[in-house]
Amino acid sequence: MAIITYREALNQALSEEIERDENVILLGEEVAQFKGSYKVSEGMLEKYGPKKIIDTPISEAAFSGLAVGAAMMGMRPVVEFMFWSFCYVAFDQIFNNAASVRYMSGGLINVPIVFRGPANGGTNVGATHSHTPENFIANTPGLKVICPSTPADAKGMLKSAIRDNDPVCVMENTILYNMKDDVPEDNEFLIPLGKANVLREGADISIIAHGKAVHTSLEAASVLEEKHNINAEVIDLRSIRPLDVETILQSVKKTNRVLLVEENKPFCGVGAQISYLIQDRAFDFLDAPIKRVSAVDAPQAYSKALENAQIPDHNCVIASALTIL
Amino acid sequence: MEGLYHDATLEESDVKNKNDTDTNTSTPKHDTSSKPEVNFAESACNLTLSTSSKIDLLTQMVRIRRFEERSLRAYQQGHIGGFLHLYIGQEAVAVGSVSAMGQDDHIITAYRDHGHALAVGMDMDECMAELFGKKTGCSKGKGGSMHFFAPDKNFWGGHGIVGGQTPLGLGMAFALKQGGKKGACLCYMGDGATNQGPFYESLNLASLWNLPVIYIIENNGYSMGTAESRHSAGEPLARRGEAFDIDWSVTEGHNIYEVRDTITNALEQAHKDCRPSVLEINTYRYRGHSVADPDQTYRSKEEIEEYKKNKDPISIFKDQLIQEGVISDEQITDIDIKAKDEAEASAEFALASPYPDPSELMDHIYWETDNPSESKSEGTMFFELPKSNL
Ligand SMILES: Cc1ncc(C[n+]2csc(CCOP(=O)(O)OP(=O)(O)O)c2C)c(N)n1
Ligand SMILES: [Mg+2]
């Protein structure tokens, strides 16, 4: 174990997998000479050379599609989006080509590709740079989507994603890049996709979150315990598709109350699906309506004053939890 | 719009007989009369062709035409749904270009893909069955007309989004280069597809990174019902490659020898220099954009007839081979009968084949769920299953 940042954990995952498998490459804007817009790929060009660490022009459609084409032929490209918001100009390549080519070929082809980059609000960059498309991706059969929330998860899940034989979209978070924590140094440290993490056990309410909302939820859970004597269970979904439905249901059956927390927008957000699943599979265990806390349903605002009010903080989580306790 | 009409009234196109040398009606756009006559039979790639290879080229074109005519009939009989984009009239482009490919060359195309599929050696049965939506289809009924694939034959589809395959072809060239292969990717597209943005992003990357991708613009003059003069500024389309320092050319696609000459040179160049190129090949489709297309709204019957008479790739090549003395009328008739029989048999095969079971809806979505013993993930992947799976 070593204490490293989320950013360094991603770098370790990429480096180890590039060393392990000659088919793995990293490409995207500013990933090589500039060392990554967020310095995720620091030192990698020097170590692995320009054949593996590849700077692209600003052509998301072409380099995403190029990577899909190369993956169809057996390479394992990791595509970095400077922001996931920019995937929208490459939508066709991800949602039609990467997601559907296996299906449309009746299983003749598979696409072992990773699309990764930050997908978060909270940094005052306005609507065009703050999208969180994990729900779009989860809505698309053929794609997998994960949202690691800790340095260890970032490493273990990115490694699993790179070794996965299907397209995996990795949602990172610029605010988490500097977060430090213990990360196993083991080259074979792999966290399976689709496995949620119960970060805090509790008996009174299940708070279910993903991405940075996990940390907001943990903070809220501490306050709930200290100030309200409420013992909240906090579940980090980690992976949206595949989804760890069993862990969710087990927790609900234990606590009988559910609060869903995410920084995504509410309509057809991840919480909408989970809420449906819970009422469908554990309705009789519920002692209160399911509640949800999400980002305020407006395009992401620039001003600190507005954006702070837009993204749920621990007070929103506490307030919402108290309404069902 | 696609899907609203059905051009069942257009009569079955017929392979024109060799005496059709009819003249002087003006051909509005692909006029090559001003160019000096080149005898492409004399170009190196064609001179070295054996008699049987030449006969094979003709056979492939006839097979494609007969296959598609049969598929049109099946569509009219209600066995085929959705869109059916026929390649009739353009056969020399797919057959000629595929015949020039080497072992490490790969191809990818758009939705008008039956010709390319048969040219790479997919068999009529699997193709027809796919059109019928049957389990025995090349994509097991999951892809349909626009989405044929045969990776074992270096054929990577069959893509339904106009221009969407242009970055994929780039990626194939990238993978070939990265893997140290002396191969290239032939990435076919229509004239209409040249107006899609990703094509230009791809041209830039292809040139910048020296990737062996050959973009083949099969210019049949129309993007659905929009003639080139109404959809594109600046002629010729291939010249757009110039902005990226990419070699380009415009050639004719009616004479298969010329297509072979064009593609052979481009492939040699790509293998040697590892550079992209843009080849605009003029051709013509006889049928509507798809069989559901109200053809006569944007072009005249006379225009179509003119092409059938004077530029039909099959008639032209038949004449050529007879002139060369490598084939007889009887052999030609025999090829045609065999192709018709093969197409008929494929329709019977497709008709007799079972439909996929609704439970197969859930196959081929993820490699991982298709290979559960090697699965490393946990959790739920699917959130609604067909009744039969429950
Ligand atoms: C992105 C996108 N826009 C529109 C369509 C509908 N569409 C299908 S084919 C076509 C015309 C394309 O013409 P061209 O590229 O010349 O190819 P051709 O059909 O002549 O082979 C159109 C508009 C589509 N499939 N994809
Ligand atoms: Mg066209």
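Visitor: Quick one to start: is A:Glu17 buried or exposed?
Guide: Buried, with a relative accessible area of 1%. The cut-offs, taken with a 1.4 Å probe on protein chains only, are under 20% for buried and over 50% for exposed, with partly exposed in between. This is a predicted model, where local features need pLDDT of at least 70, side-chain atom pairs count only at pLDDT 80 or more, and totals for chains, interfaces and linings use all residues. Residues are numbered from 1 along each chain as its sequence is written, chains are lettered from A and ligands numbered from 1 in the order in which they are written, and side-chain values use heavy atoms, with hydrogens and water left out.

Visitor: Okay, what does A:Glu17 form a salt bridge with?
Guide: A:Arg20, with 3.0 Å between the closest N and O atoms. A salt bridge here is a side-chain nitrogen of Lys or Arg within 4 Å of a carboxyl oxygen of Asp or Glu. The two residues are three apart in helix H1 (residues 6-20) of chain A, which means about one helical turn separates them. Helices (H or I, at least four residues) and strands (E, at least two) are DSSP runs numbered from the N terminus. A:Arg20 itself is partly exposed, at a relative accessible area of 45%.

Visitor: Which residues are in the network with those two?
Guide: A:Glu16, A:Lys155, A:Lys159, A:Arg163 and A:Glu188 are linked with A:Glu17 and A:Arg20 in a network of salt bridges.

Visitor: How many salt bridges does the structure hold?
Guide: 34 over all chains. One of them joins A:Arg116 and A:Glu80, whose closest N and O atoms are 2.8 Å apart. A:Arg116 sits in strand S5 (residues 114-118) and A:Glu80 in strand S4 (residues 76-80) of chain A, so the pair ties together parts 36 residues apart in sequence. Both A:Arg116 and A:Glu80 are buried.

Visitor: And in chain B, what pairs with B:Arg65?
Guide: B:Asp312, again as a salt bridge, with the closest N and O atoms 2.8 Å apart. B:Arg65 lies in helix H2 (residues 51-76) of chain B, and B:Asp312 in the loop between helix H10 (301-310) and helix H11 (313-324), so this pair ties together parts 247 residues apart in sequence. B:Arg65 counts as buried at 1% relative accessibility, and B:Asp312 is buried with a relative accessible area of 1%.

Visitor: Switching topic. How many residues of chain A are in contact with chain B?
Guide: 52, and they meet 47 residues of chain B; contact means heavy atoms within 4.5 Å. The two chains bury about 4,100 Å² between them, 66% of it on carbon and sulfur atoms. That is buried area: the accessible area (1.4 Å probe) two parts lose on being put together, summed over both. On the chain A side, A:Met73, A:Tyr103 and A:Met104 lose the most area to chain B, together 18% of what that side buries.

Visitor: What polar stuff crosses that interface?
Guide: The rule finds 21 residue pairs in polar contact, both residues at pLDDT 80 or more. A polar contact is a pair of N or O atoms within 3.5 Å; within protein, one must be able to donate a hydrogen and the other to accept it, and residues adjacent in sequence count only if both atoms are side-chain atoms. The count of salt bridges between chain A and chain B is three. Among them, B:Glu368 and A:Lys144 meet at 2.5 Å, N to O.

Visitor: Which element gives the most to chain A's side?
Guide: H3(A), with ten residues.

Visitor: Where is B:Glu201, and what does B:Glu201 touch?
Guide: B:Glu201 lies in helix H7 (residues 197-208) of chain B and counts as partly exposed at 21% relative accessibility. Leaving aside residues up to four places away in sequence, B:Glu201 touches A:Ser59, A:Glu60, A:Ala61 and A:Ala62. A polar atom of the B:Glu201 side chain lies 3.2 Å from the backbone nitrogen of A:Ala61.

Visitor: Last thing: what are the protein donors of the magnesium ion (ligand 2)?
Guide: B:Asp191 (OD), B:Asn220 (OD1) and B:Tyr222 (O), lying 2.1 Å from the ion. Donors are N, O and S atoms within 2.8 Å of the metal (3.2 Å for Na, K and Ca), and water is not among the atoms, so sites may look incomplete. The sequence spacing of the donor residues is D-x28-N-x1-Y. B:Asn220 is buried at a relative accessible area of 5%, and B:Tyr222 is buried at 10%.
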